[in-house]
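Work through the exercises below with the coordinates open. Each one gives a task sentence and then a solution in steps.

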Amino acid sequence: MLTLIKGANLYAPEYLQQKDILIVDGRIAAIAENLQFEITGIEIDVVDGSGLCALPGFVDPLAHITGGGGEGGFHTRTPAMELTDASMFGVTTLIAGLGTDATTRTLPDLLAKANGLSTEGLTVYCYTGSYEVPVRTLLGSVRDDILLIDKFIGVGEVAIADHRGSHPSARELARIAAEARVGGMLSGKRGIVFLHVGEAEEKLDLIRSVTEDFAVPVTQFYPTHMNRSLSLLRHGYDLAAKGMVLDVTASTTPELLAQGELSAAAALAQALADGVAHTQISISSDGNASLPDFDAHGTLVGLQVGQVRSVYDAFVEAVNNYDIDISVALHAVSSNAARYLGLKKKGILAPGADADIVLVEEGNLAIHSVWARGKRLVGEGKALVNSTFQREP
Ligand code: ZN
């Protein structure tokens, strides 16, 4: 089956005006004005894109697909995500990691869930490792995991500057980065080190030490939760200027915002206003993570669950509330993470790229349709493919 999307306003993420998109066998085969062709005997699914914008499927560089933390006890272990948690909101690629709890949440479970979501239509990669150092691995080393297991494209989220982490030394972090780097080199992957950055005063100082003392390139690191505070965000600007992408977290709570966290959209607007290049900020969901609220003494006072849909909500907020250009906001939710993670066929609309396409209504940006690797998961705003065990709504 061929699919032809006619006359949508195309953001690649650069704005390319009204174009047609031809999907063949899960890939974008052609993008052109007014594509015309006819092949006898082959059915073509023609979709009217008028009044709609075509965007690359969103790329979420951190989701806890098997559930995360549970800092309030066993009954607060967060649930695993479902296909439609992502597909209904345009997220077609996710990178999955373990969270605070890498004891009862395991890498085999993570890989199994990633395979399940991939079978259902999404593209899912994983980080090996864990919050704590020495990091958990499947085959005994970060290097072997990245080199030998397709789905592992890096290590993370390793916690720095956080009371829940294990306070790795610069030497320990350098060793992890070197293993990820070599495992990545030998397997054609980026071997990124994805870092959970906590609220401790040291902020990103450990990254600076590792890059200065052990000659690890700054672009080996990918720090998240950079919108935890304005001072943390700004602490990353000089590293962003050296090529590092700063990741901000879209899932939040009113309590966290009241404590000084910036919404992902607000952080994007702030960074752009401060002169950070629009290619150096990405937005992740932290989906299905626990969002614990600790008081000044470190006592847990509340806990909520992150949502994958927050990436889409942040995109809409950035465009509608902060007047950020659609193309610029799209870099943050699609192409920047894909580029930085080395996922060449993701986050862009171009011939040869995977057919991960989101159609949104012009103006309100409501989701109309979603294709993931050419399979239509959402049509007219409704799920066409449900999660395997999902009950009918
Ligand atoms: Zn985290």
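The model is predicted.

**Exercise 1. Describe the polar contacts and salt bridges between domain 1 and domain 2, and the make-up of the side that domain 1 contributes.**

Step 1. Across the interface of domain 1 and domain 2, ten residue pairs are in polar contact, both members at pLDDT 80 or more. The count of salt bridges between the two domains is zero.

Step 2. Four elements each give two or more residues to the side of domain 1 that touches domain 2: strand 16 (357-361), strand 17 (367-372), strand 18 (375-379) and strand 19 (382-383). Strand 17 provides the largest share, four residues.

Step 3. Sorted by class, that side of domain 1 holds 16 nonpolar, four polar and six charged residues.

**Exercise 2. Give the bounds of the two domains and quantify how they meet.**

Step 1. Domain 1 is made of two segments, 2-55 and 346-383, while domain 2 covers 57-341.

Step 2. Taken over C-alpha atoms, the domain centres are separated by 29 Å.

Step 3. With contact set at heavy atoms within 4.5 Å, 26 residues of domain 1 are in contact with 29 residues of domain 2.

Step 4. The area buried between the domains is about 2,000 Å², and carbon and sulfur atoms give 66% of it. On the domain 1 side, P13, K346 and L365 lose the most area to domain 2, together 26% of what that side buries.

**Exercise 3. Identify the residues that coordinate the zinc ion and place them along the chain.**

Step 1. The donors are E157 through OE, H196 through ND1 and H225 through NE2, at 2.1 to 2.2 Å from the zinc ion.

Step 2. Along the chain, these donors follow the spacing E-x38-H-x28-H.

Step 3. E157 belongs to strand 9 (residues 152-160) and H196 to strand 10 (residues 192-197), so this pair ties together parts that are 39 residues apart in sequence.

**Exercise 4. Trace the surroundings of K189 and of T211.**

Step 1. K189 sits in the loop between helix 4 (170-187) and strand 10.

Step 2. Not counting residues up to four places away in sequence, K189 touches I146, I149, D150, F152, I153 and G184.

Step 3. Two of these contacts involve backbone oxygens facing a polar atom of the K189 side chain: the oxygen of I146 lies at 2.7 Å, and that of I149 at 2.9 Å.

Step 4. A338 is 149 residues from K189 in sequence, with 12 Å between their C-alpha atoms.

Step 5. T211 is part of helix 5 (residues 205-213). A polar atom of the T211 side chain lies 3.0 Å from the backbone oxygen of R208.

Step 6. Leaving aside neighbours within four places in sequence, T211 is in contact with V216, P217, V218 and F221.

**Exercise 5. Where are the cis peptide bonds from V133 and from G156, and which residue has a positive phi although it is not a glycine?**

Step 1. Most residues other than glycine have a negative phi, and most peptide bonds are trans.

Step 2. The bond from V133 to P134 is cis, with omega near 0°. P134 falls in the loop between strand 8 (123-128) and helix 3 (142-148).

Step 3. The bond from G156 to E157 is also cis, with omega near -20°. E157 is found in strand 9 and is one of the zinc donors.

Step 4. L365 has the positive phi, about 60°. Its place is the loop between strand 16 and strand 17.

Technical notes. Residues are numbered from 1 along each chain as its sequence is written. This is a predicted model: local features need pLDDT of at least 70, side-chain atom pairs count only at pLDDT 80 or more; totals for chains, interfaces and linings use all residues. Side-chain values use heavy atoms; hydrogens and water are left out. Domain bounds come from an automatic or database domain assignment. Buried area is the accessible area (1.4 Å probe) that two parts lose on being put together, summed over both. A salt bridge is a side-chain nitrogen of Lys or Arg within 4 Å of a carboxyl oxygen of Asp or Glu. A polar contact is a pair of N or O atoms within 3.5 Å; within protein, one must be able to donate a hydrogen and the other to accept it, and residues adjacent in sequence count only if both atoms are side-chain atoms. Ala, Val, Leu, Ile, Met, Phe, Trp, Tyr, Cys and Pro count as nonpolar, Asp, Glu, Lys and Arg as charged, and the others, Gly among them, as polar. Donors are N, O and S atoms within 2.8 Å of the metal (3.2 Å for Na, K and Ca); water is not among the atoms, so sites may look incomplete.
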